[in-house]
Amino acid sequence: MTTLLEPLRRIAAYAVCADSIGRVLLVRASERSGTPGVWSLPGGAVDHGEDPNHTVVRETAAETGLSVAVAGLADVLADMRALPERRITIHTDRLIYQVSVRGGTLTDRVDRSTDLARWYTLDEARELPLRAFTARALGLPASSADVVPDEAPEFPSFYAVPGPDGLHRAQRFAAYAVATDPAGRVLLTRVSDGYPGAGCWHLPGGGTDYGEQPGAALIRELVEETGQTGRLVELLGVASHRDAASLGPEGYPIDWHGVRAFYRVMVDQPAPPTVTDVGGSTCEARWFGREELGALPTDRLTEVTAEAVQAARLTA
């Protein structure tokens, strides 16, 4: 029964790396892992406060001996798997990056969670036992032996644990929308009092639930925070931000590390914004014209919103 397993969450980053003749780089899970003999993309867990771009470079070097450069973000996805022998169920938010090799020598590891690193053509990879996320990233049929939980277990949306310095720390994965309507207006939400960034305008979105895909979470949050129905257009990127002593409704400082996926979202039939999740972190939602948005002082926007508005060139 997977429902009796302890639920855990983590964020991880992986590399899709191809050589000059189209072979892809894969690593094999060792007997020390939860899936011995199964092949996957090189990569691993994002450390607290670490930028996922750095994670994928660090983990690829550790698992393969190769130094890589990040070319761009390819996909963001989530999955659950049960490890009954460890009495845990893990939800992992996976960031998939395209990378290229800068140098190094392909190296196998001893007494670690992976033991082999090899180049394979896609036809060869198709015959290997692949983790489901790896097959999806390579466009191959899924052939995973992962045990999938019967249902998503209960898991708090807020989960902080004492860190090595005694300060509570929390790592959270979230999805946010750069949402526009046919007239080119931009949809923003205002942060409620008592929350970090109170009074500032923010992008619609928020933390994903256990077992939830980022895109589905974003569409859900859009309805809850603004009353709008939207459709995903494209994945824009991922940002990492650490606030080493954030103070929110919990009432005590927390070392927060947020990893956020950003999507362009189209609201084809805009309506007057309505906040349905009353009492939460959002107190207001508004449509802004491009000129109106451009006239907002930077200190009226959350840091992540200011970055997204600039990157998406949303102002007039």
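Biologist: Let's start with strand 2 and strand 7. How many bridges join strand 2 to strand 7, and do they run parallel or antiparallel?

Modeller: Here's the general idea: strands of a sheet pair through backbone hydrogen bonds, either parallel or antiparallel. In this predicted model, strand 2 (residues 24-29) and strand 7 run antiparallel, and six bridges join them. To see one bridge, find Arg-28, whose partner in strand 7 is Leu-116.

Biologist: What order do the strands of that sheet have?

Modeller: It's an open sheet of three strands in the order 3-2-7, with antiparallel pairing. Strand 3 (39-40) and strand 7 (114-120) are the edge strands, since each pairs on one side only. Helix 1 packs on this sheet, touching strand 2 and strand 7, and its direction makes about 70 degrees with that of strand 2.

Biologist: Okay, now the sheet of four strands. What is its order, and what kind of pairing does it have?

Modeller: That open sheet reads 4-1-6-5, and its pairing is mixed. The edges here are strand 4 (43-45) and strand 5, each pairing on one side only. Ignoring direction, neighbouring strands of this sheet are turned by 20 degrees against each other on average.

Biologist: Mixed pairing sounds confusing. Which pair is in the parallel sense over twelve bridges?

Modeller: Walk through the sheet pair by pair. Strand 1 (residues 6-17) and strand 6 (residues 88-104) are the parallel pair with twelve bridges, and there Ala-12 sits opposite Arg-94. Strand 1 also runs antiparallel to strand 4, with three bridges joining them; Tyr-14 has Gly-43 of strand 4 as its bridge partner. Then strand 5 (residues 66-83) pairs with strand 6 in the antiparallel sense over 16 bridges, with Ala-78 opposite Asp-93.

Biologist: How many residues lie between strand 5 and strand 6 in their hairpin?

Modeller: Four, and in the turn Arg-87 has a positive phi of about 60 degrees. You'll find another hairpin at strand 8 and strand 9: five residues sit between those strands, and Gly-166 takes a positive phi near 90 degrees. Strand 8 (residues 161-162) and strand 9 run antiparallel, joined by two bridges, and Val-161 stands opposite Arg-169.

Biologist: Which other strands should I look for beside strand 9?

Modeller: Try strand 14: it runs parallel to strand 9, and 13 bridges join the two. Arg-169 turns up again here, opposite Asp-255 in strand 14. Strand 12 pairs with strand 9 too, in the antiparallel sense over three bridges, and Tyr-176 stands opposite Gly-205 there.

Biologist: Back to helix 1. Which strands does helix 1 lie across?

Modeller: Helix 1 lies across strand 1, strand 4, strand 5 and strand 6, running at about 90 degrees to strand 5.

Biologist: Now pockets. What volume does the largest pocket have?

Modeller: About 1,100 Å³. Of its 41 lining residues, the closest to the centre are Arg-172, Tyr-176, Tyr-195, Pro-196 and Ser-281. Elements giving two or more residues to the lining include strand 9 (168-180), helix 4 (214-226) and helix 6 (303-311). By type, the lining has twelve nonpolar, 17 polar and twelve charged residues.

Biologist: And which elements have the lowest and the highest mean pLDDT?

Modeller: Helix 6 has the lowest, at 78, while helix 1 (residues 52-64) has the highest, at 97. The protein averages 90, and 96% of the residues score at least 70.

How values were computed:
Residues are numbered from 1 along each chain as its sequence is written. This is a predicted model: local features need pLDDT of at least 70, side-chain atom pairs count only at pLDDT 80 or more; totals for chains, interfaces and linings use all residues. Side-chain values use heavy atoms; hydrogens and water are left out. On a 1 Å grid over the protein atoms alone, a cavity is a set of points where a 1.4 Å probe fits but cannot get out, and a pocket is an open set with protein on both sides within 12 Å along at least five of seven lines; lining residues have an atom within 4 Å of a point. Grid points are joined across faces, edges and corners, and a volume is the space filled by probe spheres set on the points. Ala, Val, Leu, Ile, Met, Phe, Trp, Tyr, Cys and Pro count as nonpolar, Asp, Glu, Lys and Arg as charged, and the others, Gly among them, as polar. pLDDT is the predictor's confidence in each residue, from 0 to 100. Two strands pair if DSSP finds at least two bridges between them. Contact means heavy atoms within 4.5 Å. Axes are lines fitted to C-alpha atoms, for helices over the stretch in contact, and angles run from 0 to 180 degrees between N-to-C directions.
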